[in-house]
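Colleague: Could you walk me through this one? I'd like to work it out question by question.

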Protein chains: 2
Amino acid sequence: VIIQETGQTLPPPSEHERETLGQDLLRRGYRLACETVPAHDATVLVPEESRVRPQIILTSGTDYLYPARLQPEIENCPVQVPPATLQHLKADRERLLTALFETYGLKRLSVDPVILRKLPKILRSGHRGFTCTLWRRKEIIALQEGIHEDLFGMAFDMGTTTVVAYLMDLRSGQELSVRSAMNPQIPFGDDVISRISYAQNHPGGLERLRAPMLQCLNTLIAEAAAEVRIDPSRIMETALVGNTAMHHFLMGLETRYLALAPYAPALTDAQTLKARDLGLDMGPGAYAHMLPLKAGFVGSDAIACILATGIHRKKRPTLLIDLGTNGEIVLGNRDRLVCCSTAAGPAFEGGHIKWGMRAAPGAIERVRIRKETLEVSVETIHDEPPVGICGSGLISAVAEMIRAGVLLSRGNFSGDMESPRILQGEDGPAFVLVWAADSGVEQDIVITQRDVAALQMAKSAVHAGARLLWEALDNERVSRILLAGAGGNYVDPRDARTIDLFPPCGEKDIRGIGNAAGYGACLALLDGRKRREAERIAERTEYRELSGSRRFQDLFVEGMFFAQARDYQEDF
Amino acid sequence: VIIQETGQTLPPPSEHERETLGQDLLRRGYRLACETVPAHDATVLVPEESRVRPQIILTSGTDYLYPARLQPEIENCPVQVPPATLQHLKADRERLLTALFETYGLKRLSVDPVILRKLPKILRSGHRGFTCTLWRRKEIIALQEGIHEDLFGMAFDMGTTTVVAYLMDLRSGQELSVRSAMNPQIPFGDDVISRISYAQNHPGGLERLRAPMLQCLNTLIAEAAAEVRIDPSRIMETALVGNTAMHHFLMGLETRYLALAPYAPALTDAQTLKARDLGLDMGPGAYAHMLPLKAGFVGSDAIACILATGIHRKKRPTLLIDLGTNGEIVLGNRDRLVCCSTAAGPAFEGGHIKWGMRAAPGAIERVRIRKETLEVSVETIHDEPPVGICGSGLISAVAEMIRAGVLLSRGNFSGDMESPRILQGEDGPAFVLVWAADSGVEQDIVITQRDVAALQMAKSAVHAGARLLWEALDNERVSRILLAGAGGNYVDPRDARTIDLFPPCGEKDIRGIGNAAGYGACLALLDGRKRREAERIAERTEYRELSGSRRFQDLFVEGMFFAQARDYQEDF
């Protein structure tokens, strides 16, 4: 420890102290806390190198996510700055830097200009102790009067449909608040292609998409800070992941070329910049780290998923599928990683389905059909009366219809069955999940032939993409399949198998892992080394472009079938 | 040279080429221009390392200023960037960086975010050749379609009274345009102390002083660019010097503590930042370099004067005096440099003098008095009818009055002389320089006893400061005295001696050197090494605080006298 102020002179260093610390440290005021007994009140500084860093604290909620270690890019350094005198005249900035050099041996620090502007007043506030927040031990990004230990950061996952924000305590690694919001760009289009097209075809379109996204992030920051009762200006770092279009919109980068072959992004490398330059309302000197992208449709969210699951460190290959409007798929292990993106369409999120809806209260999320009687029981979100079907509900319903023999392998309704639940409408047959009397909307909630076809398109895109990657790895046996994305957590692995969501590749285990991308962003926020790891992942991962691939076309057509349906058919 | 495109295959490398260039360069497309004769049209790139850098071009107009060498911090790098393809998919930024690596071996370049925003469009403009402007071979600060060689920069000297701007060609070192303007802060006070006090006592005062200064710089940029017919956005670097208060105002730093003991600046080290962050309207990626300061009243203008005159490299000591409202004084040689600042008051700029005025047409700048008859002849700026007296005119008039025996050593009028030119007014005697009939204002233009006293105060401050520094150097013989500042060029060395502007310190030579600070800023703009040199000068130079110095008080009282007057008196 360093004894900085005391009313009394201290006893001279003991022999043990002289041995342990040496002349140099003793001269700089270091003492052993176990040997030095001050007789009066004293101000004691525990130097950085004597502090214990806590380890592995973030609870991931699942064994399939990588544990976090704490080594953030920012840290607090308390420091005593003497006032300027006529005899030892030194400018404010130079006095502060000298004090940091003398206390921590830190050299060549820069000072953020926004801190410089406040420096003269803070240094004359009457305090002698100040807290500098340092970024990478290179730059002073905050300066406060007095000694403070708080260190806050935020992680963001910007999805096409949902934006999630995590306020983290960077000293303990604890998640202090998690907030989410609908992506405010939805009015400009459900999928990124329509938003890119909006941005391209309207004057100032890019800014019209950027501004609401930024507003959304700032609202989440304000909400999270309010929940924890801190001022947003005390949040000193942020790590952001998102798909490439969201990343480009937020950075104000041209997006139109993402929608045109060869779909080249403006940039892919990780970017570290001032949060204020993105427009984020947090600490005025705070930094923002945008994790690296891979391609036009494989964004930093996919890289963050790999980081979070650690599949790039495992011996046996894992298949990682992000179920969303754009389904990113990654396959590989510590030796090799391949990825692709498939335009699954909105079916997995309940879009373009007759009774489809987002995962909200009243949405059917699970369906059971008794094979003998075709009796149906459904589970809804929050147990409310059913009002529609969300993505996992659609998968569950179709899987049950296959197992009950209602649907055949081509996705068509069996002509052999008769049941009041099988209706013949103008647009083809439909299956009644919930009778009007039991529903919350006073109409029959049905699955139509068209809905089944939409799911077939979506699952076939994922199936074909996964198959193509599997072939690239010479059909090596896959040990595990992980389903990420907001819906991923709720898809029943058995249902996923029944609808042939992916090729049978020897997997022993299928798991939903929730928002792995957001978790990956938290890892990068808590531990700077994870950022370098993300960069290496982005470099290593091989990208397969599916558009224009003949093999993908063939696999896509093949994947439309419900191959498993035959088994159930024979039973029947 | 690198042959980049040709309709025809080239002859194989000659033996001489193989020897000179080696396998590695040949593989990268290098050829000897003297050996390779293309049979058809070809695009040939002259690589950076083959280009000749011109030397010593800036004409200083005087032998006492240091010659400039060209080694700016920015350079143009022409580069070919291939389009993205599905087969070799790479993001725009990464394709550009790869091309720069392959052409110049440049690694780890960053790209200014404002350039990133334009990157996708520029790379798809149909050109294959582009020009990157690099800053310190570290960052891409501009990107243009096609091959361009233009490289422009601006230097600024921000004085309390005058702001001067220089538009420079960074390829040739030539001065393309010099513009000046009155400091628009003058309405807030003639001297920096009154401006600091305004900033302190009015809400938003700092910004009310910063905004007009910034506006002034931007007007000068626009005027200079218009004169040379370029767009201001093509100016890619700027170096700025000024006194500490001007520096702080422009950077938005708190100035109030500059006016309170111990007069500590917010910072003194050189600052390099984006020109846009200062608010300057030039290239959107351009950098601004603020040269280092020494103390609250010794600014980067004083450091730039030392840099420009090279007194820090000479064997024999030089005394450097900047004649202004705040007179900075530097004394020293290659071994030691000491400096101080004296509050001379506005007399040297014609302020607070009965007929005082700034150096404008009609201002008396030189006076001759025939000792026998007290006949007076005057020279005015632009030879216009006299309307007032500027700083050098005041010095000249007082010096002549001493030599003619009109003024005695204490600065009082001789009681022995009778002449119609010596009037007795209510406020004491006055001397008529120009009769009403000959003046441009139809009144007698006179020097009053009060005017003489004001000059005595001003010159005594400089005299005492210089003497104190001289004593710090053990009264070592000074080889040369340089008078800088807008007025410095026009002060007659003999007049300066007669009024005892500085102690007699053995100097052989006294010279006016004009705006040496502006010249120093140009040096720093043209040659990055001069910036490091300025930093070393600022570090090396010892600052003497005069306020509170007992010795300075004594010297100040002593220096009020016109010591030389006695010689003329005895003659009489």
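Modeller: Sure, here come a few questions and answers about a predicted model.

Colleague: How many residues of chain A and of chain B make the contact?

Modeller: Let's take the two sides along with the area they bury. About 3,000 Å² is buried between chain A and chain B, with carbon and sulfur atoms giving 64% of that area. As for residues, chain A brings 35 and chain B brings 36.

Colleague: Which residues in chain A lose the most area to chain B?

Modeller: We're after three residues here, and together they make up 18% of what the chain A side buries. They are A:Leu86, A:Arg117 and A:Tyr257.

Colleague: Which residue forms a salt bridge with A:Asp269?

Modeller: There are four salt bridges between chain A and chain B. To count, a side-chain nitrogen of Lys or Arg has to lie within 4 Å of a carboxyl oxygen of Asp or Glu. In the one with A:Asp269, the closest N and O atoms are 3.0 Å apart, and the partner is B:Arg93.

Colleague: Are helices α12(B) and α13(B) parallel or oblique to each other?

Modeller: Helix α12 of chain B covers residues 516-526 and helix α13 of chain B covers residues 528-540; their axes come within 5 Å and cross at roughly 125°. Angles from 65 to 115 degrees would count as roughly perpendicular, and over 145 as roughly antiparallel. The crossing angle of roughly 125° fits neither, so α12(B) and α13(B) are oblique.

Colleague: How do the residues of the contact of α12(B) with α13(B) divide?

Modeller: From α12(B) come B:Leu523, B:Ala524, B:Leu525 and B:Leu526, while α13(B) adds B:Gly528, B:Lys530 and B:Arg531. Sorted by type, that's four nonpolar, one polar and two charged.

Note on methods. Residues numbered from 1 in each chain as written. Chains lettered and ligands numbered in written order. Predicted model: local features only at pLDDT ≥ 70, side-chain atom pairs only at ≥ 80, totals over all residues. Heavy atoms only, no water. Contact = heavy atoms within 4.5 Å. Buried area = accessible area lost by both parts, 1.4 Å probe. Axes fitted to C-alpha atoms, helices over the stretch in contact; angles between N-to-C directions. Helix = DSSP H or I, 4+ residues; strand = E, 2+ residues; numbered from the N terminus. Parallel < 35°, antiparallel > 145°, perpendicular 65-115°, else oblique. Nonpolar A, V, L, I, M, F, W, Y, C, P; charged D, E, K, R; others polar.
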